[in-house]
Each structure stands twice: as C-alpha cells, then as structure tokens.
Amino acid sequence: MATKQRSLILNIVKNMQGHLSADEIYILARQEMPGIALATVYNNLNALYSAGEIGKVKIPDSADLYDRSPTIHEHLICKNCKAVTDLLLPDIRRYIEECINEPILSYNLSIDYICKKCKNNLVINR
C-alpha cells in the first residue's frame, strides 16, 4: 500500500515535464505537503525506482535526475547547461545483443553534446 507521501512523489514525477532532481521534487512536494522531509523524498524515489515505477538518469558530477518513464531509453545531456533530453534509439539494444551474443538485462546510455540554446549563446558570447 502506498503512503500519501509516496503517492504524491509518484504523481509529481509522472506529471513533470523533463527530468528533475530529488531536491527539485522535494520543493514541489512541499507545496502540497509542507511537512514532508527531504529524506522521505529520497527514500520514496529510491523505492519507486527499485519497483520499476520511475526511471533514473545518472549524470557524472551532478545529481541523479528522475524520469517519469521506467522503460529503458537513451538520453542526450548538454555538457554546458546539463539539460537532459530523451532520445529513442529503438534498434540499439538489438544491435548490442547481437554483438555480444547475450541478452541485455539493462543499460544506461547518455550522449554528451551542446544543446542548441547553449550553442547559440556560446556564439553570441564570443
């Protein structure tokens, strides 16, 4: 049985646009439930991720971000602003499985790049 806190956190993740950190989810959760603790948010996010209800994007040297989609998919990560964008490469899993001749249980593929917004700002700021 889900607690009120877990239901609130799941609702925030499922209805958010993009990918948010636990701290950002905590800020949103406090708007609905002012007494919620940051540890409660972290614990519930980990439980929801472990249960396969939400996804997690691991970003080197940055906080993990949470994804409303628990299905395996790829991400583009801007090296400048750290924006994360979903990327769907439907044949990559099959290709890798064919290369290693074994089934893949899970994977995390993130591609670093500079997004258009940052690229345009870099050109302007020169």
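The exercises below work through the elements, sheets, largest pocket and two residues of a predicted model.

Local features are reported at pLDDT of at least 70 and side-chain atom pairs at pLDDT 80 or more, while totals for chains, interfaces and linings use all residues. Residues are numbered from 1 along each chain as its sequence is written, and side-chain values use heavy atoms, leaving out hydrogens and water.

**Exercise 1. Describe the overall make-up of the protein.**

Step 1. List the elements. Helices (H or I, at least four residues) and strands (E, at least two) are DSSP runs, numbered from the N terminus. The protein has five helices and six strands. Read from the N terminus, their order is α-β-α-α-β-β-β-β-α-β-α.

Step 2. Give the extent. Along the principal axes, the C-alpha atoms fill a box of roughly 50 × 45 × 25 Å.

Step 3. State the burial. Buried means under 20% relative accessible area, exposed over 50%, and partly exposed in between, with a 1.4 Å probe and protein chains only. Of the 126 residues in the protein, 28% are buried.

Step 4. State the range of the contacts. A contact means heavy atoms within 4.5 Å. Among contacts with a separation of 6 or more, 49% join residues 24 or more positions apart.

**Exercise 2. Work out the sheet that contains S1.**

Step 1. Set the criterion. Two strands pair if DSSP finds at least two bridges between them. Strands of a sheet pair through backbone hydrogen bonds, either parallel or antiparallel.

Step 2. Find the order. The sheet is open, with three strands in the order S1-S3-S2 and antiparallel pairing.

Step 3. Find the edges. Strand S1 (20-21) and S2 each have a single partner strand, so one side of each lacks a neighbour in the sheet.

Step 4. Place the bridges. S1 and strand S3 (residues 65-67) run antiparallel and are joined by two bridges. Ser21 has Leu65 in S3 as its bridge partner.

**Exercise 3. Work out the sheet that contains S4, and the surroundings of that strand.**

Step 1. Find the order. Three strands make an open sheet, ordered S5-S4-S6, and the pairing is mixed. Strand S5 (84-87) and strand S6 (110-113) are the edge strands, each pairing on one side only.

Step 2. Give the turn between neighbours. Neighbouring strands of this sheet are turned by 25° against each other on average, direction ignored. Here the axes are lines fitted to C-alpha atoms, for helices over the stretch in contact, and angles run from 0 to 180 degrees between N-to-C directions.

Step 3. Take the S5 side. S4 and S5 run antiparallel, joined by four bridges, and His75 stands opposite Asp86 in S5. Five residues lie between the strands of this hairpin, where Lys82 takes a positive phi near 70°.

Step 4. Take the S6 side. Strand S4 (residues 74-78) pairs with S6 in the parallel sense over four bridges. Leu76 stands opposite Ile111, and Ile77 has Asp112 as its bridge partner.

Step 5. Check the faces of S4. Five of its five residues are buried. Glu74, Leu76 and Cys78 lie on one side, His75 and Ile77 on the other, and both faces are covered.

**Exercise 4. Compare the settings of Ile111 and His73.**

Step 1. Locate them. Ile111 is in strand S6, whereas His73 is in the loop between S3 and S4.

Step 2. Classify them. Ile111 has a relative accessible area of 32%, so this residue is partly exposed. His73 counts as buried because its relative accessibility is 8%.

Step 3. List the contacts, leaving out residues up to four places away in sequence. Ile111 is in contact with His75, Leu76, Ile77 and Leu87. His73 touches Asp67, Asp86, Leu87 and Leu88.

Step 4. Set sequence against space. Ile111 and Glu74 are 37 residues apart along the chain, with their C-alpha atoms separated by 7.9 Å. His73 and Gln5 are 68 residues apart in sequence and 27 Å apart, C-alpha to C-alpha.

**Exercise 5. Characterise the largest pocket.**

Step 1. Give the volume. The largest pocket has a volume of about 270 Å³.

Step 2. Name the lining. It consists of 17 residues, with Tyr49, Gly55, Lys56, Ile72 and Tyr107 nearest the centre of the pocket. Strand S2 (residues 55-57) gives the most to this lining, with three residues.

Step 3. Recall the terms. On a 1 Å grid over the protein atoms alone, a cavity is a set of points where a 1.4 Å probe fits but cannot get out; a pocket is an open set with protein on both sides within 12 Å along at least five of seven lines, and lining residues have an atom within 4 Å of a point. Grid points are joined across faces, edges and corners, and a volume is the space filled by probe spheres set on the points.

Step 4. Sort by class. The lining has six nonpolar, eight polar and three charged residues. Ala, Val, Leu, Ile, Met, Phe, Trp, Tyr, Cys and Pro count as nonpolar, Asp, Glu, Lys and Arg as charged, and the others, Gly among them, as polar.
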